[in-house]
Amino acid sequence: MNLKRFIFNKRSLIYLVVLIFLLIIPFILSPFNLILFESAITFAIVGLGFNLLLRYTGLLSFGHGAYFAAGAYAVAMVGRYVPSIYSIEFLIPIAIIASLVLSAIFGFICVRHTKIFFAILTLALSMLLFALLFKFYSVTGGSDGLYIPTPSIFGVTFKRRPEFLSGPYYYFLLVIFIICYMVMKVIVSSPFGKALQAIRDNETRAELIGIRVKRYRFYAFIISGTFAGIGGSLWTFVNGHVTPDVSHWFFSGEIVYMTLLGGFFIFEGPIIGAFVFTFLKLYAMGFTEYWMGIIGVTLILLVLLLPTGLAGGVVTIFNKLKTRKVLGGT
Amino acid sequence: MEWFIYILNGLYYASTIFLISLGLNIILGVMGILNLAHGSLYAIGAFTAAWLITSLAGWNSPDVLSFIILLGGAILAGFVGLLLERTLISPLYNRALEYQLLITFGALLLFEDLIKIVWGGEAYYASKPFDILGKVDLSGNIYPIYFLLVIVIAIVVKLLTWLFLARTRVGIMLRAMSLDIEMATALGLQINRLRTWAFVLGAALAGLAGALVAPTTPVLLGFGMEPLILAFVVVVIGGLGSLKGAFIGSLIVGEIRSFGIVIFPEIELAILYLIAAIILVIKPEGLFGRIKS
Amino acid sequence: MLTVENLNKSFGNLRAIDGVGFSISENEIVSLIGSNGAGKTTLVNLLSGYIRPDSGKIHFLEEDITSASPYMRIKLGIGRSFQLVQLFEESKVLDNVRTPLFSKNGKIKSLFIPSDKYVDIKKNTLEILKVFNLSHKEDILAKELSEGDKKVLDIAMAYALRTKLLLLDEPTSGVATQDKFKVMDTIVYAIRNEKISALIIEHDMDIVAKYSDRVIVMHEGKIMVEGEPDVVMSHKDVREHILGLSENVTEN
Amino acid sequence: MEKTRRDFIKIAGGAAIGAGTLLSGCREEEEKVVEKRGEIPKEPVKIAAVSFLTGVAAAPFGIPGNNTFEMLSEKINADGGIMGRKIELLSKDEAGGVDAQVKLARKLILDDKVDVILGYISSADCKAVLPLSDELGDLIVAYDCGTQELMEGSHSPFPVPKYELGFRTAATLGLDNIGLALMIKKYFPDIKRIAGINPDYAWGRDSWSIFEESMKKLMPQVEVVGTWWPPLFTTDYTAHISALIGAAPDIVHTAFWGGDAVTFTKQALGLGLFDKMTVAYSRGEPIPQEIGKDFPENQIIGCAGPHYFLYPPQDKWPLNKQFVDEYQKKYGKYPTYPCYHAYQAIYSYKAAVEKAGSLTGGWPTVDEVADAMTGLAIQTPSGNITIRADHNAIEDGLFGFTKLTSKYPFPILDPERIEVFPTFVVNPPVGIRTVDWINSW
């Protein structure tokens, strides 16, 4: 019991430290790095949702950009066609609905399959959305994409974007991120989450214990897609512009990469991956024009040498140390 | 008689897409790997061909050489495929599908920059083979002979591949493998060597497609992205891992694009994705799909 | 509780099940033996609803379940295990048993409450694990269990659904010889303890003899003999066709 | 340190402008301010130049543009820099799509802290990046992209300027497409059928809409028999070309540029398109040089303003001769219109800084440079440009027909049929949308 309490305390201590760190970030980082940090937070939300499918349901989606795009374009479309409600408290719910509807439609088709078929189907469907966003120039702005004006938050408006991003928006983002984190944390440990893991491990058996496999995959798909949509909508305000590229499979590939980089075996892995990836990409870009190659090589090395990702690697090392200590003790 | 030219255009487009998706489907069928770096192999074929032709331009070489040299694209792409399979993909055969997919994604990113390092950022334009052949008058419609040549080559490649798979020992074993890998293992086939064969063959076909397209358009960075997506569409329409599917799927894609541009110019390529989506909903395994999940 | 009448199933020209009829009463453990290809696994698949018979009837607890879905049969109380264990390998032993319990109790759709908050279900899980001799192993991953424990866990999962009839397809296959009786002891203890019925496919005649109340012998899709173990074992046809072969048969 | 000093200067500069406008004519007041801040930093002025350095638009546009930026920075540095400060040029690649450009621009302004960004060939990039000027508080000068939407509002008259700190030192595509319509009216008064094939993004869409509107007004009897929208960087235009031949227009309008123009032209030659119709290239000036002598004769070519290495005739306008000679000596090619556009951008910035600086004596703030740039007029190798209150430059429009001569290895504009449309004929008045202006003819 004491031991348990100790662990509990240690864990809450870590949470507290991280929280304080997150709260003071705007005072530490330069405006430029803060914007990057914010975009990493939005990707972390996407990663949380993505990993519900990959880690907990055993489905690799190569088309998660589509739901990200649904959230992002929902914001952009409201900005273009209904500017009177262009305020963050309306925009986020609209984005959630848009991505929920899209992931329900695409999910309905995709969950009938698993493995590589699932990957190809999700990829193909996201490219369908890409083609639609690309072709319907008069509605979506085609490949030019759409400009995202700075929204108001609860009636407060901002003239210049840095002023918006460095203050109120950061904390707004942080609150949403913490909510998403907690919700996902509960979901994966809930009976529903256990059902998904059962499906992942053994579809036949899951069916046998009375779990409607396809239906549960479908639910997981919707939740996952909606998280991507929330991330996408929040990202647009940081980026200030959205193009169909976010629905391209290449972008989905980056989401996969991020998750793998952080380590999808661990709940927090995708979050770490999102931050490392965002800054890695930037510094690779600043360091050399061959940044894509660098990203590619790190991806290859990860797959070959560190399949559990950065977080997984740290945990492995930690466990090894612990075992050695125990062995040393006896 | 315009529709005749529309059909020809569709055939020409289908030809290059067919070569790419055939390679993609051989790899998918035999190895169960969706090769995301396939477009890069296509680009490598195109760059190699364009580079060889432009380097040749300085010398006073016979015209026919500029056609033969196109094969260089296929050969180099095949060789790169060999390296890729041996070094990066073969260690992953016993690992989950996710890793195989990701390693090809990593290879794609790496190749994009390797191409940039080797050939530079500017576009290559080597139209000599296209220019030499000139045009032909087909009942009042002028058509470039080079496009007809590409169509013929694609048909020949299809026949050769078919012969290879039906008549040669390696081909028969490859087919056996794509049907049932466990049985193939039980029969004592050299699985690893066959996988290498399949990958090299697939890569060379992609390289050939790139080399054939090179004389018709400037070759530039990111050259492989669009064809890769179209090959995905073909694979989805025709059926994963199905060679017949690659053939019929390419024809469908080529002709729909050609007639789509004439009839519905506004939506152009989107119609392809729509058709792919409809097929996915009605027949999710594709028209000739064998593999079921 | 289970009655099968004149069941038929063909695969192409092969008559896999040919006019089979038998019944199982409450609290009864019935063994199903027969050479390879006699139709045992087909029969279990028919009973659990994975395939449909060409003709005949299956009744369970006074209900006609001939065309009921596997899902419906589970709800009615027919559980099964497979020749190859079907576990949630990447999950903890605890969750392997707890998830079926959630499903049984209609809690599986609960999205926003952590599993550990369901204290009753956790307690129940631990009790089941105790019955199956798996206490103190609840926190390791299922894939890390020994083969014998995996078999036991597999059956514990079916048991957790408060099954009334368990269909066990070779519960000791893959288990080391010296552990077979230990595994069977555990399983049969649980079955007797909960007063449920079982139909067991088994090759090992010692196990059949030791644990069954009754034995059904199948041969070429038909029931050859049925009766108490010692009666059946001494039957002439059984000795010739089944036992003569059964020594050679070491199916995986 | 850097930040505080800059902020201080900014505040002081604001005061100076305030004082300057309120008490215009009051010299004493002004001189006092000048005294207070007559300081010019020692370090170089950082200019980011963003053009396509890789990809299909590099050879015909990005590289010539970037070459010009480099050549002129060296020249300006050799002549003593801008107000004594040397130029530090950061050449950046415009490749990678709109999103990559938004990120790059943000990095240039916030992280690299450049004084100005001169850049963007693609209209899509311009539309995405220019809003950053006001959002992030730095000067962004679009030097080549064409979409008229960039500086126009959604209705006429629109607020001027749209961006406080965003400029464009070249004319819009309105000039190109109105000019083409005028050419067609003059040289093909009897045609009945037109068609369009344009890349599927802002540039192509806007080019066609202006052209179509102009044709409706100028030649209402003409029928549009089809429009095609292939995506950028299409490699196979055969289907489009056959469809065009099938539709049988007299004239095809296209805003193709770079590799797309080359691929289209080559494949159109192969399919015999030029035997059956004339193609009007809205900004076709660099394409003949790219393709060489195969480029068909008698096609209509626009020059994105009055930019041509043979115009104004070099004997009449020494600035053009000097520019062409220097460029050709250094790079072995004749300058194309992106070179002229680059010239306009960098010299406009130089002139604006010097104009603002001469008022205050010190290095001007971003806002002061912006003020000075509004209404600026400078001489260029192509003549004159004026940057109007809408922060957009206007110029004359040069058009012609291709003709092969013995002097050049590519078709040049036939000197017999060159047309120069004066500025006011091809540019709408300030604050009026191009489309509305055309409709008011």
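In this predicted model, a good place to begin is chain C, where four strands form an open sheet in the order β2-β1-β4-β5, with antiparallel pairing. The edges of this sheet are taken by β2 (14–24) and β5 (63–64) of chain C; each has a single partner strand, so one side of each is left without a neighbour in the sheet. Helix α1 of chain C, residues 40–48, packs on the sheet and touches β1, β2 and β4 (55–60) of chain C. The direction of this helix makes about 60° with that of β2(C). Within the sheet, strand β1 of chain C (residues 2–11) pairs with β2(C) in the antiparallel sense, over eight bridges. One of the residue pairs can be picked out by eye: L7(C) has V20(C), in β2(C), as its bridge partner.

Further along chain C, another set of strands can be followed. Strand β3 (residues 29–34) of chain C pairs with strand β9 (residues 214–219) of chain C in the parallel sense, over five bridges. Here G34(C) has M218(C), in β9(C), as its bridge partner. Strand β9(C) also pairs with strand β10 (residues 222–227) of chain C, this time in the antiparallel sense and over five bridges. In that pairing, V215(C) is matched with G227(C) of β10(C). The hairpin of β9(C) and β10(C) has two residues between the strands, and E220(C) takes a positive phi near 50° there.

Attention now turns to the places where chains meet. Between chains A and B, 33 residues of chain A are in contact with 35 residues of chain B. On the side of chain A that touches chain B, the elements giving two or more residues are α5 (115–135), α12 (249–262) and α14 (291–305) of chain A. Of these, α5(A) gives the most, with 14 residues. By class, this side of chain A divides into 25 nonpolar, five polar and three charged residues.

Chain B also meets chain D, in a contact that takes 28 residues from chain D and 30 residues from chain B. On the chain D side, two or more residues come from each of α3 (58–78), β7 (223–228), α9 (238–247) and α10 (258–270) of chain D. The class make-up of this side is twelve nonpolar, 14 polar and two charged residues.

Helix α9(D), one of the elements in that contact, is mostly covered, with nine of its ten residues buried. Among the buried residues are T238(D), H240(D), L244(D) and A247(D). After α9(D) comes A248(D), whose phi is positive, near 50°. Helix α14 of chain D (residues 366–373) can be described in similar terms. Seven of its eight residues are buried, so this helix is largely enclosed by the rest of the structure. The buried residues of α14(D) include V366(D), E368(D), D371(D) and M373(D). G375(D) follows α14(D) and has a positive phi, near 85°.

Burial can also be viewed across the chains. The largest nonpolar core has 433 residues, and those with the most contacts inside it are A124(A), A46(B), V233(B), A156(C), L118(D) and V141(D). Helix α1 of chain B (residues 2–31) provides the largest share of this core, 18 residues. For V233(B), contacts beyond its neighbours within four places in sequence are made with V253(B), L272(B), Y273(B) and A276(B).

Two individual residues complete the tour. M83(D) lies in the loop between α3 and β2 (87–93) of chain D. With 18 other C-beta atoms within 10 Å, M83(D) is partly exposed. Its contacts, leaving aside neighbours within four places in sequence, are I40(D), V353(D), E354(D), G357(D) and W363(D). M83(D) and S358(D) are 275 residues apart in sequence and 9.2 Å apart in space, C-alpha to C-alpha. In chain A, V101(A) is found in helix α4 (residues 88–110) of chain A, and V101(A) is partly exposed, with 16 other C-beta atoms within 10 Å. V101(A) and R11(A) are 90 residues apart in sequence and 37 Å apart in space, C-alpha to C-alpha.

As for confidence, the mean pLDDT of chain B is 85, and 95% of its residues reach 70 or more. Within chain B, confidence is lowest in helix α9 (residues 181–186) of chain B, at a mean of 67, and highest in helix α4 (residues 71–89) of chain B, at 92.

Technical notes. Residues are numbered from 1 along each chain as its sequence is written. Chains are lettered from A and ligands numbered from 1 in the order in which they are written. This is a predicted model: local features need pLDDT of at least 70, side-chain atom pairs count only at pLDDT 80 or more; totals for chains, interfaces and linings use all residues. Two strands pair if DSSP finds at least two bridges between them. Two residues are in contact if their C-beta atoms, placed from the backbone, lie within 7 Å. Axes are lines fitted to C-alpha atoms, for helices over the stretch in contact, and angles run from 0 to 180 degrees between N-to-C directions. Ala, Val, Leu, Ile, Met, Phe, Trp, Tyr, Cys and Pro count as nonpolar, Asp, Glu, Lys and Arg as charged, and the others, Gly among them, as polar. A residue is buried if 20 or more other C-beta atoms lie within 10 Å of its own, exposed if 12 or fewer, and partly exposed in between; C-beta atoms are placed from the backbone. A nonpolar core is a set of buried Ala, Val, Leu, Ile, Met, Phe, Trp, Tyr and Cys residues joined through C-beta atoms within 7 Å. pLDDT is the predictor's confidence in each residue, from 0 to 100.
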